[in-house]
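This report examines charged side-chain contacts and the faces of one helix. Please consult the sequence and the coordinates alongside the text.

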Amino acid sequence: MDLPERKRKILQAIIRTYLETGEPVGSRTISKYTDLNLSSATIRNEMSDLEEMGLIIQPHTSAGRIPSDAGYRLYVDELLREKEQQAETERRFLLEREEKLEGLLKQAVKLLAGNTNYASMISVPTIRQNKIKFIQLSQVDREHILAVIVIEGNLIRNTLIPVEEEFSSEELLKLNMLLNSTLDGLAVEQINLGLIASIKQQAGDRSGIVANVIDSAAEAIKADDNPEIYTSGADNIFRYPELSDNQRASRIIGDFEEKKILGTIVQESLAEESGTGIQVYIGNEVPTQGMDDCSVVTATYELGGGMKGTIGIIGPKRMDYEKVVDVLKNITGQLETYYKKDS
């Protein structure tokens, strides 16, 4: 039903007031709570129209009005639409932000390799103590629900959950409200068995879906020991005679392309960050085997909200350390500035 704006606002005011007080609502009460600046007489006329439309009823003569089932239905449908629009707007914003960050990091790692003539790497930022910020469940099709889990720093994790039957909009709204009211702001160690049992009990027949979402949320906020890493400039290794013989170069490039090995360097850098944010590993000091002929210089960058990542340069032991440190400091500063400017 497409109600004129004035009637819609009066109906919303009646329903919200009745939900708060449990008492029939009169025109004088509505005139105080709406922004329509209408007289009680005008509001009474509108209420009469709403009554004729079957959206409100008068339980007793001379009493105020209360919502009918049809009135509640119209109110709930509009509420659901508004909540879905809000969730979709926030989801689009966060996805755009994540795409911008990905492009920014890939551009930075190429710039590093080009400016230094060494191999470079950069890790996608992670949060050491992640907390849940927002969860949104949406029906994708009859067999799947999409759970969008937003954690501190506006990092997004999406997971598809199989379902045996289609959910109604009301069911999804209730589950979203339940999950957000109980999990918002919690870290993984705070999601204990007692809390999970309480949430599942409140979810009733949908407890299985809730359990899947909680598992996905716990996985999303768990500290990431294998962060995503972008690399560039591996072929720069061949510029340096001490690294360029086939066996040594292929081993270094293989290690460089094996992201799990670079992940060890990232974790070490984040764990042992000095006051300057710069770490220099020379030869055997490199926290992974296979790079003892190299030096690795790393820097930590921060994007706010606890998000931290690592930028690294890999080259010969005779690398230009002063230039590398200056370039890393410059890049970290630019990353932090550009990201916060676009946020």
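The account below concerns a predicted model and treats salt bridges before helix 3.

**Salt bridges**

Applying the distance criterion for oppositely charged side chains gives a count of 14 salt bridges. Three of these pairs are set out in the table.

| Pair | N to O distance | Separation in sequence |
|---|---|---|
| D49 and K7 | 3.3 Å | 42 residues |
| E78 and R8 | 3.9 Å | 70 residues |
| R206 and E171 | 3.0 Å | 35 residues |

The side chains of D49 and K7 form a salt bridge at 3.3 Å. This pair links distant parts of the chain, with D49 in helix 3 (residues 40-52) and K7 in helix 1 (residues 5-21). K7 counts as buried because its relative accessibility is 14%, and buried means under 20%. D49, at 30% relative accessibility, counts as partly exposed.

A salt bridge also joins E78 and R8, with an N to O distance of 3.9 Å. E78 belongs to helix 4 (residues 69-116) and R8 to helix 1, so the contact ties together parts that are 70 residues apart in sequence. Both E78 and R8 are buried.

The side chains of R206 and E171 meet at 3.0 Å. R206 is located in the loop between helix 6 (193-203) and helix 7 (207-221), whereas E171 lies in helix 5 (residues 169-183). The relative accessibility of R206 is 16%, and this residue therefore counts as buried. E171 has a relative accessibility of 28% and counts as partly exposed. Beyond single pairs, E5, R8, K9 and E78 are joined into one network by salt bridges that share partners.

**Helix 3**

Helix 3, which contains D49, can be considered by its length and by its two sides. At 1.5 Å a residue, its 13 residues should span 18 Å, and the end C-alpha atoms are 18 Å apart, which agrees.

Which residues of helix 3 are buried? They are S40, I43, E46, M47 and L50. These residues cover an arc of only 120° around the axis, and therefore lie on the same side of helix 3. The general background is that an α-helix has 3.6 residues a turn, so residues three or four places apart point the same way. On the other side of helix 3, N45 and E52 are exposed. Just after helix 3, G54 adopts a positive phi of about 80°.

Note on methods. Residues numbered from 1 in each chain as written. Heavy atoms only, no water. Salt bridge = Lys/Arg side-chain N within 4 Å of Asp/Glu carboxyl O. Helix = DSSP H or I, 4+ residues; strand = E, 2+ residues; numbered from the N terminus. Buried < 20%, exposed > 50% of the residue type's maximum accessible area, 1.4 Å probe, protein only. Expected span 1.5 Å × (residues − 1). Arc of directions from axis to C-beta.
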